[in-house]
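Please open the model in your viewer and keep the sequence panel visible. The tour below proceeds by selection, one stop at a time.

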Amino acid sequence: MEQIIATVRGFEGALVVVPEPGGDFPEIAWGDAFFYYAPDGRMPRTTQPYGTIVTKNYPDDSASDLDPPGRWRVNVHVGRTALPELLAGRYDLAAADVVLPHPVYGPLGWICVVNPGERTTGTVVRLLREAHEAARARAARRHS
C-alpha cells in the first residue's frame, strides 16, 4: 500500500490525501488514501479522486471483505471503454491480486485490486498513471 501511495505522490501535480484522526474527514475515511490531480496542492472541491485505497469495508461496499487484518483495496477510474479489455470471465470480488470490476462503481468505469501483488502491481501503477494523466487533461480543458 505504501509503495503505491509513494508512486502516486511522484506523479507531477499529484495530491495524495490520507485522512487521519482529528482532521476534517469522517472517521470512516481515516487510513484510506485519495488520489487527485491538484498541481496547486489543494484538494479539489468539485472533482472526484481518480483513484483511492480503502482499508476497510464501507456500509454499502463489503464484497471485497476488507475487514480482516492486512486486507486493502486500490480502486482506479479507468473509464467504461477500458473495462472490457481489463476484465474477463466471472469474478470473486474478494480475490486478491486480481484486476476486478469495482463492486459498487464498476458500471461507472472503476476497477479494483485487493492486495495487489506480483501479478497486478505493475498494472495498477500503469492504470493509476493513466488515470492521473486523464485527470490532468480534464483539468486543462476546464481551464482553457
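Select strand 2 and strand 3 of this predicted model: the two strands run antiparallel and are joined by 3 bridges. One residue to highlight here is phenylalanine 35, whose bridge partner in strand 3 is glycine 51.

Keep strand 2 (residues 33–37) selected and display its side chains. Is this strand mostly covered or mostly open? It is mostly covered, since 5 of its 5 residues are buried. In a regular strand, side chains alternate between the two faces of the sheet. Here both faces are covered: Ala33, Phe35 and Tyr37 lie buried on one side, and Phe34 and Tyr36 lie buried on the other.

Next, add strand 1, which pairs with strand 2 in the antiparallel sense over 4 bridges. Within this pairing, leucine 15 has tyrosine 36 of strand 2 as its bridge partner.

Now show the whole sheet. It is an open sheet of 6 strands in the order 1-2-3-4-6-5, with antiparallel pairing. Its edges are strand 1 (14–17) and strand 5 (100–101), each of which pairs on one side only. The strands of a sheet pair through backbone hydrogen bonds.

Return to strand 3 (residues 51–54) and add strand 4 (residues 73–77); 4 bridges join these antiparallel strands. Select isoleucine 53, which belongs to strand 3 and stands opposite valine 74 in strand 4. Why does isoleucine 53 count as buried? The reason is its relative accessibility of 0%, because a residue under 20% is called buried. Beyond its neighbours within four places in sequence, isoleucine 53 is in contact with several residues, including Met1, Ile4, Phe35 and Trp72.

Asp32 is also in contact with isoleucine 53, and it leads to the next stop. A search of the whole structure finds 7 salt bridges. In one of them, aspartate 32 is joined to lysine 56, with the closest N and O atoms 2.9 Å apart. This pair links distant parts of the chain, 24 residues apart: aspartate 32 is in the loop between strand 1 and strand 2, and lysine 56 in the loop between strand 3 and strand 4. Both aspartate 32 and lysine 56 are buried.

Finally, select arginine 119 and aspartate 97, which form a salt bridge with closest N and O atoms 3.4 Å apart. Arginine 119 lies in the loop between strand 6 (110–114) and helix 3 (121–142), whereas aspartate 97 lies in the loop between helix 2 (83–86) and strand 5. Arginine 119 is exposed, at 59% relative accessible area, while aspartate 97 is buried, at 12%.

Definitions and conventions
Residues numbered from 1 in each chain as written. Predicted model: local features only at pLDDT ≥ 70, side-chain atom pairs only at ≥ 80, totals over all residues. Heavy atoms only, no water. Pairing = 2+ DSSP bridges. Buried < 20%, exposed > 50% of the residue type's maximum accessible area, 1.4 Å probe, protein only. Contact = heavy atoms within 4.5 Å. Salt bridge = Lys/Arg side-chain N within 4 Å of Asp/Glu carboxyl O.
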